[in-house]
Amino acid sequence: MICVALPGLAISTEQGQLTGHGLEGFYRAGRRLLSRCQVRVAGREPLAVQARMATADRARFVGTLRASPQAGPDPDVVVERDRYADGTERITLRSAAPGPLRLPVEVALGTDLADLGTIAAGTAGPELTASVHDSGLRWSCATGSASVTAEPPPADALASAGLLRWEFDLPPGGSTSLELRVRPDGAGPLRAVGRAATSPLASARAAGDDPAVPALLQTSLGDLQALLLRDPARPADVHLAAGVPWRCGLAPADALAAARMTLALGTGLAAGTLRTLARTQLPGPGPQAGMIPGPRRDAGPHLPPQCTGTEATLLFPVLVAEARRWGLPEQETEELLPAAERCLTWLRNAVGDGTYLHDPHPGGPVRCETQAHAHRAALLGADMLDACGRPGGAELRQWAQAVRTAFREDFWIDDLGGGRPAAARAPDGRPVAHLGAAAVHLLDTGLLGGGAQAPGLLDKVRTDHLARLLGSPAMDSGWGLRGLGTKEPGYNPLGHRAGAVRVHETALAVAGLAAAGYDKEASSLLRGVLAAAETFGHRLPEMYGGDQRTGGRAPVPHPAACRPAATAAAAVVLLLTALAGIRPDAPARTVTLRPLRSAPLGEIGLTGLRVAGAPFSVRVSRLGLAMVEEAADGLRLGV
């Protein structure tokens with residue numbers, strides 16, 4: 001159970017006690033400030049009876065015990081612990097005893113002040129020796145110090161044992177509380193971005209026939225708020241951390257993808273993310289000039305690791321272009337255009353006189369998904385350049401047409417089932433034939449003006465084949481889209497990109513299939529991932545096991561998955577807005593609706609969205625008809 005309000009975290013098991021095992025503890029900026037916090041009342045540990053996430057940054061644990069001799073089998077003391085990501089823990093004792101109780105309370109504390117990477121590697125050192133400090137305890141090491149203060153102050157503080165003691169008198173039916181505050185030395189209270197008075201994300205709400213949808217959206221919005229970070233160079237600019245606990249910093253491709261999926265909540269997050277990443281853009285001259293740097297990541301059993309910097313560089317102009325359609329103010333668009341143009345110039349230079357965008361590393365393959373990213377960037381970039389009176393659009397469209405023609409010949413593998421797209425072409429020109437979730441990027445073609453989808457790399461016939469493949473039992477697990485088909489060599493239901501369900505790619509598949517008119521396949525994947533969300537308490541991890549859904553089973557959690565994760569939480573916004581098929585064109589003051597006609601969740605209403613800088617609400621009926629219920633003045637319904 002992870003409480004998040006970055007840069008603060010609190011990681012616990014459902015027992016509530018922090019024992020110092022594994023990742024348990026309170027963290028600030030990647031360092032564990034407290035690893036052990038064990039409560040004993042009247043000499044005994046309370047029996048854990050309930051644990052739940054109250055909000056993204058708060059967990060609540062309830063325990064019971066029998067404190068009076070005449071209590072019989074029923075507990076007469078309830079111990080409630082509210083644990084916050086900012087380093088606060090409030091412990092409340094409630095008595096149901098018929099007479100007064102005198103309850104000694106002990107809290108055993110300890111820490112190693114280790115950083116998260118060291119803890120994950122299993123090389124954290126032993127607990128440090130405490131010293132008595134103010135109304136609590138303090139620990140120090142070469143890399144920093146931390147302290148715990150208590151209110152009310154303890155009656156005793158034993159540094160050698162790391163122990164704080166109180167004695168409370170409770171009348172019948174009475175209660176009392178104590179509060180612990182964990183802080184790094186010299187640090188004030190945690191000021192999480194998501195708790196600020198103003199947020200870049202609108203407080204959207206969902207209501208309708210499916211009772212799980214409102215809770216899912218509310219939880220996902222809470223997680224997105226909790227994952228917000230400020231750019232130290234420009235604190236006014238915020239972006240999303242990739243996920244907790246493993247990736248609490250900026251991952252450029254994930255941050256851009258998540259901002260794109262949440263455009264329906266306003267363009268503020270997109271603008272802050274874009275400005276932050278524009279400051280990281282590599283200068284020229286040279287082959288990497290204009291590129292947004294990013295780490296390499298695993299690409300599954302059939303391909304070498306891929307460069308996320310390439311993906312981020314191609315996503316940047318797409319996000320600027322689509323944010324403009326959703327209502328990014330003209331002045332902010334103009335400020336971001338130079339960085340977007342540098343990304344597009346990098347694309348043209350990287351392709352050179354060839355047709356395809358190759359991996360930046362020598363001897364790498366020509367990936368299918370990279371061509372999809374590049375083609376979308378070229379078309380949306382050209383559209384934006386034309387609209388803003390900038391040169392270069394014609395050249396980009398010309399290349400997009402050339403790559404479209406070549407791709408349909410070079411990347412399609414014919415077989416008895418109608419064929420499939422190649423995942424890549426090896427350096428020797430040989431197609432890499434495995435079927436994986438990366439193919440969904442062929443359906444994610446991007447938004448142009450007037451509510452039109454940009455053309456894709458596949459023609460209609462091949463798109464039909466791909467839709468059937470994505471909806472087949474080999475790819476649709478019943479819980480979402482597998483990263484690799486079950487019939488492919490190397491399939492592993494818990495493989496990072498070899499069979500596990502990734503929520504981001506499932507959402508892209510649902511939105512792409514819905515936009516292309518494949519309601520059956522889109523609805524099946526949508527219902528599957530929403531069913532999975534219920535088993536995870538509405539807090540979706542970035543990935544989970546791809547075993548086939550059967551009665552009485554739940555998806556298997558992936559031990560390395562972030563939860564919460566920016567792309568998973570943002571994917572929920574995309575999944576729900578895809579039901580209504582919202583396609584805005586703020587510069588033209590229109591919005592087009594293309595709902596899923598099958599209405600897979602029955603009636604659903606979405607309120608508090610943002611289009612053209614104003615609140616926007618839409619309802620989809622059980623017949624699959626969409627109706628705008630609130631919109632900006634002068635916003636017209638497109639055809």
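Analyst: Two strands count as paired if DSSP finds at least two bridges between them. Please keep in mind, as we go on, that this is a predicted model.

User: How are the strands of the open sheet of five strands ordered?

Analyst: In general, strands of a sheet pair through backbone hydrogen bonds, either parallel or antiparallel. Here the order of the five strands is 3-6-11-16-15, and the pairing is antiparallel. Strand 3 (18–19) and strand 15 (156–158) are the edges, and each has a single partner strand, so one side of each has no neighbour in the sheet. Strand 15 pairs with strand 16 (residues 163–170) over three bridges, and D156 stands opposite R165 in strand 16.

User: Which residues lie nearest the centre of the largest pocket?

Analyst: As a general idea, rolling a probe the size of a water molecule over the atoms shows where empty space is left. The largest pocket holds about 710 Å³ of space, and of the 31 residues that line it, T55, A56, Q218, T219 and G222 lie nearest its centre. Helix 2 contributes the most to this lining, with eight residues, while the lining as a whole divides into 15 nonpolar, eight polar and eight charged residues.

User: Why is helix 7 described as largely enclosed?

Analyst: A residue is called buried when its relative accessible area is under 20%. Of the 20 residues of helix 7, 17 are buried, so the helix is largely enclosed by the rest of the structure. At 1.5 Å a residue, helix 7 (residues 368–387) should span 28 Å, which agrees with its end C-alpha atoms being 29 Å apart. Just after helix 7, G389 takes a positive phi of about 70°.

Technical notes: Residues are numbered from 1 along each chain as its sequence is written. This is a predicted model: local features need pLDDT of at least 70, side-chain atom pairs count only at pLDDT 80 or more; totals for chains, interfaces and linings use all residues. Side-chain values use heavy atoms; hydrogens and water are left out. Helices (H or I, at least four residues) and strands (E, at least two) are DSSP runs, numbered from the N terminus. The expected span of a helix is 1.5 Å times one less than its number of residues. Buried means under 20% relative accessible area, exposed over 50%, partly exposed in between (1.4 Å probe, protein chains only). On a 1 Å grid over the protein atoms alone, a cavity is a set of points where a 1.4 Å probe fits but cannot get out, and a pocket is an open set with protein on both sides within 12 Å along at least five of seven lines; lining residues have an atom within 4 Å of a point. Grid points are joined across faces, edges and corners, and a volume is the space filled by probe spheres set on the points. Ala, Val, Leu, Ile, Met, Phe, Trp, Tyr, Cys and Pro count as nonpolar, Asp, Glu, Lys and Arg as charged, and the others, Gly among them, as polar.
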